[in-house]
Amino acid sequence: MFIYKIMSKSDFDEFKKNKIFQGAEIDIIDGYIHFSTGTQVEETAKKHFSGRDDLQLVWTIPELLEKNLKWEVSRNNQNFPHLYQAWYYREVVGSCKLPLIGDQHKFPGLL
């Protein structure tokens, strides 16, 4: 099972360059890096990234983050993965551009 992070292309470029991601503004405010499962990520895109065409979808597996990954109840009473530490680029399993087609993001077939 993969878990997903939607981030701006500029955040992703910095992540690749620096090999570490401390979080986007909302992550820093909340004190953890927000992730979504495959069944949650499309709604996350609609709710928090509507209309944005500068996005990157980045994914990992929970086992790589296990020590500081917590599953906590959030939107719609669902458990979401939250990372309580920085995310290291070596823990990234894959990434792709998240294109906006009309008013919908086009997700890859791996979800």
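Strands here are DSSP runs of E with at least two residues, numbered from the N terminus. The model is predicted.

**Whole chain.** Start with the full protein in cartoon view: four helices and 11 strands are there. The radius of gyration is 13 Å, close to the 13 Å that the globule rule gives for 111 residues, so the protein is as compact as a globular protein of that length. Along the principal axes, the C-alpha atoms fill a box of roughly 40 × 35 × 30 Å.

**Contacts and surface.** Next, show contacts between residues with a separation of 6 or more; 76% of them join residues 24 or more positions apart. Then turn on the surface. Its accessible area is about 6,400 Å², and carbon and sulfur atoms account for 49% of that. Of the 111 residues, 40% count as buried.

**Charges.** Select the charged side chains: 14 are positive and 15 negative. The mean positions of the two sets lie 3 Å apart.

**Arg 75.** Now select β6 (69-73) and β7 (79-83), and go to the loop between these strands, where Arg 75 lies. Is Arg 75 buried or exposed? Its relative accessibility is 15%, so Arg 75 counts as buried, the cut-off being under 20%.

**Around Arg 75.** Show the residues that Arg 75 touches, leaving out those up to four places away in sequence: Gln 40, Glu 43, Thr 44, Lys 47, His 48 and Phe 80. From this set, pick Thr 44 and display its side chain together with that of Arg 75; a polar contact of 3.0 Å joins the two.

Terms used: Residues are numbered from 1 along each chain as its sequence is written. This is a predicted model: local features need pLDDT of at least 70, side-chain atom pairs count only at pLDDT 80 or more; totals for chains, interfaces and linings use all residues. Side-chain values use heavy atoms; hydrogens and water are left out. Buried means under 20% relative accessible area, exposed over 50%, partly exposed in between (1.4 Å probe, protein chains only). A polar contact is a pair of N or O atoms within 3.5 Å; within protein, one must be able to donate a hydrogen and the other to accept it, and residues adjacent in sequence count only if both atoms are side-chain atoms. Contact means heavy atoms within 4.5 Å. The radius of gyration is taken over C-alpha atoms; the globule rule is 2.2 Å times the number of residues to the power 0.38. Accessible areas come from the Shrake-Rupley method with a 1.4 Å probe; for residues, only the protein chains shown count as cover. Lys and Arg count as positive and Asp and Glu as negative; His and the chain ends are not counted. The place of a charge is taken as NZ of Lys, CZ of Arg, CG of Asp or CD of Glu.
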